[in-house]
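Work through the exercises below with the sequence and the model open. Each task is followed by a solution in steps.

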Amino acid sequence: MSASPSPCVSLGSEAVQAGPAPRRSSVGVLVGSGPGAVMVGGGAPIAVQSMTNTDTADVDGTVTQVAALARAGSELVRITVDRDEAAAAVPHIREKLDKMGVTVPLIGDFHYIGHKLLAEHPACAEALAKYRINPGNVGFKDKRDTQFSTIVEFAIRYGKTVRIGANWGSLDQELLTSLMDENAKSNAPIEAAAVMREAMVQSALLSAARAEEIGLPRNRIILSAKVSDVQHLIAVYRMLAKRSDYALHLGLTEAGMGTKGIVASSAALGILLQEGIGDTIRVSLTPEPGGDRTLEVQVGQEILQTMGFRTFVPLVAACPGCGRTTSTVFQELARDIQSYIRDEMPMWRVRYPGVETLNVAVMGCIVNGPGESKHADIGISLPGTGETPTAPVFIDGEKAMTLRGEGIAREFKVIVQDYIERRFGGAKSAAE
């Protein structure tokens, strides 16, 4: 009987370097001015943005929500500008935010009458950092080019950026009909969905070309082509990226509510970002009735951080639990630590520069607990079912202490805070 061959591992030509693809767009677009300005594309970090769901005419309500989104980490915030009252409110919103020290750039979402609102409300045109134009409803028939040109001319006059955002639900019907007719006459017609994807891409690219003809420079144009189906979104953005070098805004429109919206957005954006497509993202979640609008910001950040593109908050690794961990202590501690970190981050960003790189582990038994805790900056291995009621704490890979008794969770929080102060507190002092 011959001996079994010894297992071996070799690094051959098939070895793949881990890590995300480099950013695709070489065109950098500066959105806004002053301390809140954000660079999109051109090698800049992928920006997270969000959108309010308040009535923009409600100045105080909109200011409150914009401020909450900005505190959560939204680097750009879009607001609806759909009528005179909303347009008139925009400069007051900007003024109140500035007085609060909230410098996040505001994006005006225009549909149907954007040209009219910008013309009649110059203070609105000035206060916004970016205009969003939908080529599917900027105007119809003979008015389309005139109204599109008017908005672009205002952007040029006031030095603003424009996002040309095609959308599956409001596609340019003339263009779509033309392409459908052309496809029907073809000797090798393609499926209707493929024609719609082509119409989306052409709508965005033709509009961008027209904006440049009018005089808007390429470094003030961002494109998007949003659909609500994951596979179609991936296909559309691959086409758009292959055929242009504009900065791209990614987002699965009408993603849905709860886990459905989170999973769908993560799947679509994750694939595209890994391929180097996309320079700014928005996760379009339907909030629960009375729910927190900032969840879409948190999900966007977690997509980028999980994939290794950016770091926003300390990571908390926690075991999922099994038959060895029937106690809920580790679940409650993991939840409390994660919530504590999220709640404290707005202050920590200022007080503890670099704290977002912290890794914390909250583990539930001796199988992986000590090992994972050693890999983290600070970790705790809680006792599993039937284990000795002790919890070793590891700091920077070394066992530092062992906690016992009813106050383990409380004591560990204090240890985390002390570690943060010791490790990151000096960075603030040095900066000052």
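**Exercise 1.** Find which residues Leu-223 touches, leaving out those up to four places away in sequence.

Solution. The model is a predicted one, and a contact is counted where heavy atoms lie within 4.5 Å.
- Step 1: on the lower-numbered side, Leu-223 touches Ile-164, Ala-204, Leu-205 and Ala-208.
- Step 2: on the higher-numbered side, the partners of Leu-223 are Leu-240, Ser-244, Tyr-246, Ala-247, Leu-248 and His-249.

**Exercise 2.** Place Leu-223 in the largest nonpolar core and state which helix gives the most to this core.

Solution.
- Step 1: the largest nonpolar core holds 112 residues, and Leu-223, Ile-380 and Phe-412 are the members that touch the most others.
- Step 2: helix H7, residues 192–214, gives the most to this core, with 8 residues.
- Step 3: a second core is separate and has 11 residues, including Val-27, Val-31, Ile-107 and Ile-222.

**Exercise 3.** Ile-107 belongs to the second core. Identify its bridge partner in E6 and describe how E5 and E6 pair.

Solution.
- Step 1: strand E5 covers residues 106–110 and strand E6 covers residues 130–133.
- Step 2: the two strands run parallel and are joined by 4 bridges.
- Step 3: Ile-107 has Lys-130 as its bridge partner in E6.
- Step 4: E5 and E6 both appear in a closed barrel of 8 strands with parallel pairing, in the order E3-E4-E5-E6-E7-E8-E9-E11.

**Exercise 4.** Trace the pairing of strand E16 on both sides, beginning with Ile-380.

Solution.
- Step 1: in E16, Val-393 is the bridge partner of Ile-380.
- Step 2: E15, residues 378–381, pairs with E16 in the antiparallel sense over 3 bridges.
- Step 3: E16 is also joined to E17, residues 398–404, by 6 bridges, again antiparallel.
- Step 4: Ala-391 has Leu-403 as its bridge partner in E17.
- Step 5: E16 and E17 make a hairpin with 2 residues between them, and Asp-396 in the turn has a positive phi of about 50 degrees.
- Step 6: E16 spans residues 390–395, and 5 of its 6 residues are buried, that is, under 20% relative accessible area.

**Exercise 5.** Summarise the whole protein: its secondary structure, burial and charge.

Solution.
- Step 1: the secondary structure comprises 13 helices and 17 strands.
- Step 2: of the 432 residues, 49% count as buried.
- Step 3: there are 43 positive and 48 negative side chains, and the centres of the two sets lie 1 Å apart.

Note on methods. Residues numbered from 1 in each chain as written. Predicted model: local features only at pLDDT ≥ 70, side-chain atom pairs only at ≥ 80, totals over all residues. Heavy atoms only, no water. Core = buried A, V, L, I, M, F, W, Y, C linked by side-chain atoms within 4.5 Å. Buried < 20%, exposed > 50% of the residue type's maximum accessible area, 1.4 Å probe, protein only. Lys, Arg positive; Asp, Glu negative; His and termini not counted. Charge placed at Lys NZ, Arg CZ, Asp CG, Glu CD. Pairing = 2+ DSSP bridges.
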